[in-house]
Amino acid sequence: MKQEQTISAGTACVCPLIEYHADDYGLFPAQSRRILDCAENGVLNAVSIMTTSPRLAVCMESFEPFLDKLDIAVHLNFMEGQALRPGLLTGKNGTFRVTFGSLLLHSFLLDRKKYRTALKEEIKSQLQAAEPYLSGKPLRIDSHAHYHMIPVVFDALMDVLTENKLPVSYIRIPMKPIGLYLRHWTELKGLRPINLVKVLVLNLLAARDLHKYHPFMETLEKRVFLGVMLSGRMSYPNVSALRKDAAALAERRGWGLEILAHPGGVYESDDLAELTHKDDAAFLSSRFRRDEAEMFQKVGSDI
């Protein structure tokens with residue numbers, strides 16, 4: 001990491017009104033190719049790269065023709081596969097063993113400093129691994145399953161950014177405008193009660209993180225975010241039902257709009273066998289990944 005760089009207002013770049021974003025790039029070559037198809041044949045204009053993936057370098061070779069078309073964020077990962085810094089967060093084989101719930105619990109226990117230190121080491125390593133692919137641009141950061149919203153994780157992330165004086169333009173804050181979904185409740189298909197629980201939890205965590213680090217967060221890009229309430233069901237009909245009102249809300253606030261989906265399905269048996277988290281295996285092999293790829297290919301960029 002370049003130690004002389006600093007976090008400051010003005011590092012943020014001008015973002016498009018709508019960011020059509022795909023997570024998990026770099027996990028596997030075939031899966032990553034499916035993501036790139038959404039840029040080649042659709043409106044996708046941003047991805048998050050998984051720097052813990054041993055296939056990332058190969059996948060980034062395929063990414064080169066898209067360097068001018070797709071923004072890149074770092075997809076912090078504490079869930080799938082092996083850590084870059086094995087230890088407290090992993091089992092003996094280096095595979096992540098912590099869960100969202102366990103890290104949330106450790107945020108309030110006496111051992112939180114120990115976990116904060118371990119998370120700092122892992123976050124710093126993951127950000128360093130992304131550096132060759134960012135072309136010197138300020139960091140844009142999100143995470144697998146939104147783990148970065150957990151207090152001990154967010155605190156560790158802020159430690160890394162401030163202690164290493166890293167330039168950053170955007171950190172995804174998945175705080176949901178619940179009223180937007182209520183207005184379109186009858187139009188939305190596949191809503192699951194568990195996603196409402198996730199939204200409420202993430203909204204509370206986001207409020208905490210934004211309050212604690214308010215001066216710094218005010219220097220970053222801001223976006224209305226669509227993704228959690230319909231997690232796994234960001235189909236063309238669902239996104240079409242919400243997009244106009246979401247864009248209008250973003251315009252009133254003077255923000256951008258981020259629409260997140262996961263079009264990178266994993267269907268190859270060898271790749272599926274390598275996934276270490278059962279939820280990822282079920283999620284990434286679902287037919288809904290194809291529906292989300294279709295959404296990026298069909299939805300128009302004009303409001």
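A residue is called buried when its relative accessible area is under 20%, exposed when that area is over 50%, and partly exposed in between, with a 1.4 Å probe and protein chains only. By that measure Tyr20 is buried, with a relative accessible area of 2%.

The structure is a predicted model, in which local features need pLDDT of at least 70 and side-chain atom pairs count only at pLDDT 80 or more, while totals for chains, interfaces and linings use all residues. Residues are numbered from 1 along each chain as its sequence is written, and side-chain values use heavy atoms, with hydrogens and water left out.

## Strands S1 and S7

Helices (H or I, at least four residues) and strands (E, at least two) are DSSP runs, numbered from the N terminus. In strand S1, 8 of the 8 residues are buried, so this strand is largely enclosed by the rest of the structure. Two strands are taken as paired if DSSP finds at least two bridges between them. S1 is joined by 5 bridges to strand S7, residues 256–261, and the two run parallel; within this pairing, His21 stands opposite Leu260 and Tyr20 stands opposite Ile259. S1 is also joined by 3 bridges to strand S2, residues 46–49, again in parallel, and here Tyr25 stands opposite Ile49.

S1, helix H1 (residues 29–40) and S2 together make a right-handed β-α-β unit, where right-handed means that, with the strands pointing away from the viewer, the path from the first strand over the helix to the second runs clockwise.

Strand S7 has 6 of its 6 residues buried, so S7 too is largely enclosed by the rest of the structure. Gly256, Glu258 and Leu260 point one way from S7, whereas Leu257, Ile259 and Ala261 point the other way, and all are buried. S7 is joined to S6 by 4 bridges, with the two strands parallel, and Leu226 has Ile259 in S7 as its bridge partner. A right-handed β-α-β unit is made by S6, helix H9 (residues 236–253) and S7.

## Aromatic pairs

Rings of Phe, Tyr and Trp (its six-membered ring) are paired if their centres lie within 6.5 Å, and planes under 30 degrees apart count as stacked, over 60 as edge-to-face and the rest as tilted. The count by this rule comes to 5 aromatic pairs. One of them joins Tyr20 and Phe296, which are edge-to-face at 6.5 Å centre to centre with 85° between the planes. Tyr20 lies in strand S1 and Phe296 in helix H12 (residues 288–298), so this pair ties together parts that are 276 residues apart in sequence. Phe296 is buried, with a relative accessible area of 0%.

For Phe78 and Phe96, the ring centres are 6.4 Å apart and the planes stand at 75°, so that pair is edge-to-face as well. Both residues are in the loop between strand S3 (71–76) and helix H3 (100–106), 18 residues apart. Phe78 is buried at a relative accessible area of 0%, and Phe96 is buried at 8%.

## The two largest pockets

On a 1 Å grid over the protein atoms alone, a pocket is an open set of points where a 1.4 Å probe fits, with protein on both sides within 12 Å along at least five of seven lines, and lining residues have an atom within 4 Å of a point. Grid points are joined across faces, edges and corners, and a volume is the space filled by probe spheres set on the points.

The largest pocket holds about 690 Å³ of space. Of its 27 lining residues, Met79, Ala145, His146, Lys198 and Ser231 are the closest to its centre. Strand S1 (18–25), helix H7 (193–212) and helix H11 (278–284) are the elements that give two or more residues to this lining, and H7 has the largest share, with 5 residues.

The second largest pocket holds about 310 Å³. Its lining has 18 residues, and Ile173, Leu210, Lys222, Arg223 and Trp255 lie nearest its centre. Strand S5 (168–171), helix H8 (214–217) and strand S6 (223–226) each supply at least two lining residues, with S6 giving the most, 3 residues.

In the table, Ala, Val, Leu, Ile, Met, Phe, Trp, Tyr, Cys and Pro count as nonpolar, Asp, Glu, Lys and Arg as charged, and the others, Gly among them, as polar.

| Pocket lining | Nonpolar | Polar | Charged |
|---|---|---|---|
| Largest pocket | 11 residues | 9 residues | 7 residues |
| Second largest pocket | 11 residues | 1 residue | 6 residues |
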